[in-house]
Amino acid sequence: MTFGQKIKYRREELGYTQSELAKKVHTTQPYISRLERGHFNPSMKTITKISTALDISVDYLLFDDRKAV
């Protein structure tokens, strides 16, 4: 899975909309959409916020090909 696919998979698993995740990460829904589609490489600060919001590790987001949690 790609970085964006992992975000989308976990977000949907938790029942969050893109807007809800965006609020938790302090960003916008269009930015989350672009991340999920692979249009951006976010900063480490944003990756950390996403991992916290989705309750998954940074390692999983960046390196691990297994399913979340």
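The accessible surface of this protein comes to about 4300 Å², and carbon and sulfur atoms account for 50% of that area. Please keep in mind as you look around that this is a predicted model.

## Overall shape

Let us begin with the fold as a whole. The protein has five helices and zero strands, so its pattern along the sequence reads α-α-α-α-α. Taken along the principal axes, the C-alpha atoms fill a box of roughly 25 × 25 × 20 Å. The radius of gyration is 10 Å, which agrees with the value near 11 Å that a compact globule of 69 residues would have. Of the 69 residues, 39% are buried. If you take the contacts between residues at least 6 apart in sequence, 51% of them join residues at least 24 apart.

## Helix α3 and its surroundings

Helix α3 covers residues 29–36, and its buried residues are Y31, I32, S33, L35 and E36. What do these buried residues pack against? Their partners are α1, α2 (18–25) and α4. After α3 comes G38, which has a positive phi, near 80°.

Y31 also takes part in the one aromatic pair that the structure holds. Its partner is F40: the ring centres are 5.3 Å apart and the planes lie at 25°, so the pair counts as stacked. Are the two residues buried or exposed? Y31 is buried, with a relative accessible area of 19%, a value under the 20% cut-off for buried residues. F40, with a relative accessible area of 34%, is partly exposed.

## Two buried residues in other helices

R11 is a good residue to click on next. It sits in helix α1, which spans residues 3–14, and R11 is buried at 7% relative accessibility. Which residues does R11 contact, once neighbours within four places in sequence are left aside? They are Y16, T17, Q18, L21, E36 and L54. One of these contacts, E36, is also among the buried residues of helix α3.

T46 belongs to helix α4, residues 44–54. With 16% relative accessibility, T46 counts as buried. Not counting residues up to four places away in sequence, T46 touches V25 and Y31. Y31 is the residue whose ring stacks with that of F40. T46 and F63 are 17 residues apart in sequence, and their C-alpha atoms are 16 Å apart in space.

## A nonpolar patch on the surface

F63 brings us to the outside of the protein. Together with M44 and L62, F63 makes a nonpolar surface patch of about 320 Å². L62 lies in helix α5, which runs over residues 58–62. At 35% relative accessibility, L62 counts as partly exposed, because partly exposed residues fall between the 20% limit for buried and the 50% limit for exposed.

## Accessibility side by side

Here are the residues discussed above, with their relative accessibility.

| Residue | Relative accessibility | Class |
|---|---|---|
| R11 | 7% | buried |
| T46 | 16% | buried |
| Y31 | 19% | buried |
| F40 | 34% | partly exposed |
| L62 | 35% | partly exposed |

For a look at the model on screen, helix α3 is a handy place to begin, with its buried residues packed against α1, α2 and α4. From there you can move to the stacked rings of Y31 and F40, and then out to the patch made by M44, L62 and F63.

Key. Residues are numbered from 1 along each chain as its sequence is written. This is a predicted model: local features need pLDDT of at least 70, side-chain atom pairs count only at pLDDT 80 or more; totals for chains, interfaces and linings use all residues. Side-chain values use heavy atoms; hydrogens and water are left out. Patches are made of residues with over 30% relative accessible area and no salt bridge: like charges are joined within 9 Å, nonpolar side chains (Val, Leu, Ile, Met, Phe, Trp, Tyr) within 5 Å. Accessible areas come from the Shrake-Rupley method with a 1.4 Å probe; for residues, only the protein chains shown count as cover. A salt bridge is a side-chain nitrogen of Lys or Arg within 4 Å of a carboxyl oxygen of Asp or Glu. Helices (H or I, at least four residues) and strands (E, at least two) are DSSP runs, numbered from the N terminus. Buried means under 20% relative accessible area, exposed over 50%, partly exposed in between (1.4 Å probe, protein chains only). The radius of gyration is taken over C-alpha atoms; the globule rule is 2.2 Å times the number of residues to the power 0.38. Contact means heavy atoms within 4.5 Å. Rings of Phe, Tyr and Trp (its six-membered ring) pair if their centres lie within 6.5 Å; planes under 30 degrees apart count as stacked, over 60 as edge-to-face and the rest as tilted.
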